[in-house]
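The following note was prepared for a colleague who intends to examine this model. It is arranged as numbered points.

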Amino acid sequence: MGSAAGVSTADIRHDWTRGEVEALFALPFNDLMFRAQSLHRKYFNAGEVQISALLSIKTGGCPEDCAYCPQAARYDTGVKAEKLMALNAVLDEARAAKERGASRFCMGAAWREPKDRDLDSVCAMVEGVKEIGLETCATLGMLTENQARRLKDSGLDYYNHNLDTSPEHYGDIISTRTYQERLDTLDHVRKAGMNVCCGGIVGMGESAKGRTGLIATLASLPAHPESVPINMLVRVEGTPLAATAPLDALDFVRTIAVARIAMPKSVVRLSAGREEMSDETQALCFLAGANSIFYGERLLTTPNPAADHDRALMTRLGLVPMPSAG
Ligand code: SAM
Ligand code: DTB
Ligand code: SF4
């Protein structure tokens, strides 16, 4: 098959069928891990992990009904609605994240979509964070084409907007926006020339078919997202999914491996849920092809492993931070 700079067109496919992805999930664990690790080594240095920091710049009070989310105003989760953070406070956090060793700074806002006035403030934050010397990422909800262009012009490197789950399971999780609206936002981000960060959540009570549908849909996008966050549901008291049975850790590892095989050139992030994961499960995720984490004690509103624990884990596993592209 054709190949340029070691990239094989046989590996990078956009025509994954559900049946093929389902067959990957059904492989014996060792065979799945071997295939995932082989592809990982073909496209990445398997000793490197991309380190992102996450900051909630606008917390809580969200009008949407995402059944997993502690920031939806309609659920009683104890998360208080706050105003958009001030520019200086955000830049202080970015400087601290850089000192801790992060190469990318992700800013999250609990919005359905940004108002144009809010976007002015976020664009100023993006400019400031870039000046500090970090890659920039934001997740602000739905974007119009014009909003995506404005963010790109301010220097935004990545936009995070997740599909969250399979098209079939989606209606059980969110009713206040459609799957198609998510795909439209991803299209606007692509057209504006930004890198796409798009993945989903597993452990939301979906079946193995649900996980198949999520990965098959991601891998069938016109271009694979440069970054694919795979989140394990953080079960938050007060949300409709609080009592969901935990997913078998090995099924989580399988999901990472299948994402790695279906999107070999994408950085796969072992995203939310690490706080409740053993070091051994995380090690298996890295072996399955995960090569990015959120680093720092907090995700948006829920805890993440302590930075010194993560540093020690990386040392134990012989992993080093991935240098940033820019
Ligand atoms: N409000 C914007 C939106 O929904 O696009 C941006 C922020 S939202 C919190 C970003 C993503 O965080 C969601 O799409 C979801 O994948 C993830 N997320 C939120 N709550 C979570 C939870 N309890 N467990 C795992 N992932 C979660
Ligand atoms: C993503 O896929 N996961 C992150 C990030 N993108 C913005 C968010 C995880 C949030 C977990 C729940 C919380 O801390 O509120
Ligand atoms: Fe709002 Fe985003 Fe949470 Fe959905 S995931 S409720 S849109 S903050």
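The points below treat the protein chain and then each ligand in turn.

1. Status and overall fold. The model under review is predicted. Its protein chain comprises 11 helices and 12 strands.

2. Dimensions. The C-alpha trace of the protein chain extends over about 50 × 40 × 40 Å along its principal axes. For 326 residues, a compact globule would be expected to have a radius of gyration near 20 Å, and the 18 Å of the protein chain agrees with this, so the chain is consistent with a compact globule.

3. Surroundings of ligand 1. A total of 17 residues surround ligand 1, and the nearest are Tyr68, Trp111, Asn162, Asp164 and Val234. Sorted by class, this shell holds 10 nonpolar, 5 polar and 2 charged residues.

4. Polar contacts of ligand 1. An oxygen atom of ligand 1 lies 2.7 Å from a polar side-chain atom of Asp164. Backbone atoms also take part: a nitrogen atom of ligand 1 is 3.0 Å from a backbone N or O atom of Val234, and a nitrogen atom of the ligand is 3.2 Å from a polar backbone atom of Ala109. Ligand 1 would expose 560 Å² if taken alone, and the protein buries 91% of that area. As to location, ligand 1 sits in the largest cavity.

5. Surroundings of ligand 2. The shell of ligand 2 numbers 13 residues, with Asn162, Asn231, Leu300, Thr301 and Thr302 the closest. It divides into 6 nonpolar and 7 polar residues, and no charged residue is present. Asn162, listed here among the closest residues to ligand 2, is also among those nearest to ligand 1.

6. Polar contacts of ligand 2. Three side chains may be noted. A polar side-chain atom of Thr301 is 2.7 Å from an oxygen atom of ligand 2. Nitrogen atoms of the ligand are involved as well, with a polar side-chain atom of Asn160 at 3.3 Å and one of Ser271 at 3.4 Å. The exposed area of ligand 2 taken alone is 400 Å², of which the protein buries 88%. Ligand 2 likewise sits in the largest cavity.

7. Surroundings of ligand 3. Which residues are found around ligand 3? They are Cys62, Glu64, Cys66, Tyr68, Cys69, Ala72, Ala110, Trp111 and Arg177. The shell is made up of 7 nonpolar and 2 charged residues, with no polar residue. Tyr68 and Trp111 belong to this list, and both are also among the residues nearest to ligand 1.

8. Location of the ligands. Where does ligand 3 sit? Ligand 3 sits in the largest cavity, as do ligand 1 and ligand 2.

Technical notes. Residues numbered from 1 in each chain as written. Chains lettered and ligands numbered in written order. Predicted model: local features only at pLDDT ≥ 70, side-chain atom pairs only at ≥ 80, totals over all residues. Heavy atoms only, no water. Near = heavy atom within 4 Å. Polar contact = N/O pair within 3.5 Å; in protein donor to acceptor, adjacent residues only side chain to side chain. Areas by Shrake-Rupley, 256 points an atom, 1.4 Å probe, with all protein chains shown as cover. 1 Å grid on protein atoms, 1.4 Å probe; cavity = no way out; pocket = protein on both sides within 12 Å on 5 of 7 lines; lining within 4 Å. Sits in = over half its atoms within 2 Å of the grid points. Nonpolar A, V, L, I, M, F, W, Y, C, P; charged D, E, K, R; others polar. Helix = DSSP H or I, 4+ residues; strand = E, 2+ residues; numbered from the N terminus. Rg over C-alpha atoms; globule rule 2.2 N^0.38 Å.
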